[in-house]
Amino acid sequence: MSVFTLHLVDRIGSVSRTSEIAFWNAAMRSMIQNELQQLFNRVVNDPRARPVSSARVLWTNHSGGVGPADLVVYFSTDRAHGVTQRVAAQAAQHSHTGQTLLGDSAGIVSEVYVSGHLQVGGFDSLGTRQKASLFAKGAFHECMHNKLYPLNIHTGGGGGLASATLSYDFGLVARNIDLMAPALQVAAPQNTAHMGRR
Ligand SMILES: [Zn+2]
């Protein structure tokens, strides 16, 4: 039995300039963490996740604890200030809200662009919990790109959290779990080089 860990990296508030996004704070990070924990609990509860029997989601800046099958999701302000900007690899979709870059020798980069969401219509009027839910689901979506490549999850992911455009009230669908449960144990080397710096 083994544990799958999702490492969330805050590149916005971890060093300074915490106030640059008014709604980005410890409470928001906690809501995102809790929601992702619930999502991954549902994935590991599927028998096809074995030998992975439990999941944990944590905020961290330490690359040392990233296991071979773990995932890392960076939270940055926007694409221009993102880790993805520093990686020479094929671009992916979602330039405003998030991105996963594959095929770089340094490892896979998954990233959520927090202020990038402000370019999405209606985002600003969402409540705090709805914003957190959208970020959590965006992170799960990037985890799907990360683990399921080369599958195009937008067309083959079954909708739900695999949908190309997400809403805060979207949820896991059976196909999402079908795909992710057996993938949790598959090694997917992550780019951990930016965990300790902006
Ligand atoms: Zn996508």
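In this predicted model, helix 2 and helix 4 pass each other in a left-handed crossing. Their axes come within 10 Å and cross at roughly 55 degrees. Helix 2 is therefore oblique to helix 4. On the helix 2 side, the residues that meet helix 4 are Met-144, Lys-147 and Leu-148, and their counterparts in helix 4 are Leu-179, Met-180 and Ala-183. By class, this contact comprises five nonpolar residues, one charged residue and no polar residues.

The largest nonpolar core has 49 residues, and those with the most contacts inside it are Leu-36, Phe-40, Val-43 and Val-73. Several elements each supply at least two residues of this core; the table lists them with their residue ranges.

| Element | Residue range |
|---|---|
| Strand 1 | residues 2-10 |
| Helix 1 | residues 26-44 |
| Strand 2 | residues 52-59 |
| Strand 3 | residues 71-76 |
| Strand 5 | residues 109-113 |
| Helix 2 | residues 128-148 |
| Helix 4 | residues 174-183 |

Helix 2 gives the most to this core, with eight residues. In soluble globular proteins, nonpolar side chains tend to be buried together.

Two phenylalanine residues may be considered in turn. Not counting residues up to four places away in sequence, Phe-40 touches Phe-4, Leu-6, Ala-55 and Val-57. Phe-135 is placed in helix 2. Phe-135 counts as buried because 28 other C-beta atoms lie within 10 Å. With neighbours within four places in sequence left aside, Phe-135 is in contact with Ile-32, Val-112 and Val-114. Phe-135 and Leu-166 are separated by 31 residues in sequence, while their C-alpha atoms are 9.7 Å apart in space.

Methods:
Residues are numbered from 1 along each chain as its sequence is written. This is a predicted model: local features need pLDDT of at least 70, side-chain atom pairs count only at pLDDT 80 or more; totals for chains, interfaces and linings use all residues. A nonpolar core is a set of buried Ala, Val, Leu, Ile, Met, Phe, Trp, Tyr and Cys residues joined through C-beta atoms within 7 Å. A residue is buried if 20 or more other C-beta atoms lie within 10 Å of its own, exposed if 12 or fewer, and partly exposed in between; C-beta atoms are placed from the backbone. Helices (H or I, at least four residues) and strands (E, at least two) are DSSP runs, numbered from the N terminus. Two residues are in contact if their C-beta atoms, placed from the backbone, lie within 7 Å. Axes are lines fitted to C-alpha atoms, for helices over the stretch in contact, and angles run from 0 to 180 degrees between N-to-C directions. Angles under 35 degrees count as roughly parallel, over 145 as roughly antiparallel, 65 to 115 as roughly perpendicular and the rest as oblique. A crossing is left-handed if the near helix is turned anticlockwise from the far one by less than a right angle, and right-handed if clockwise. Ala, Val, Leu, Ile, Met, Phe, Trp, Tyr, Cys and Pro count as nonpolar, Asp, Glu, Lys and Arg as charged, and the others, Gly among them, as polar.
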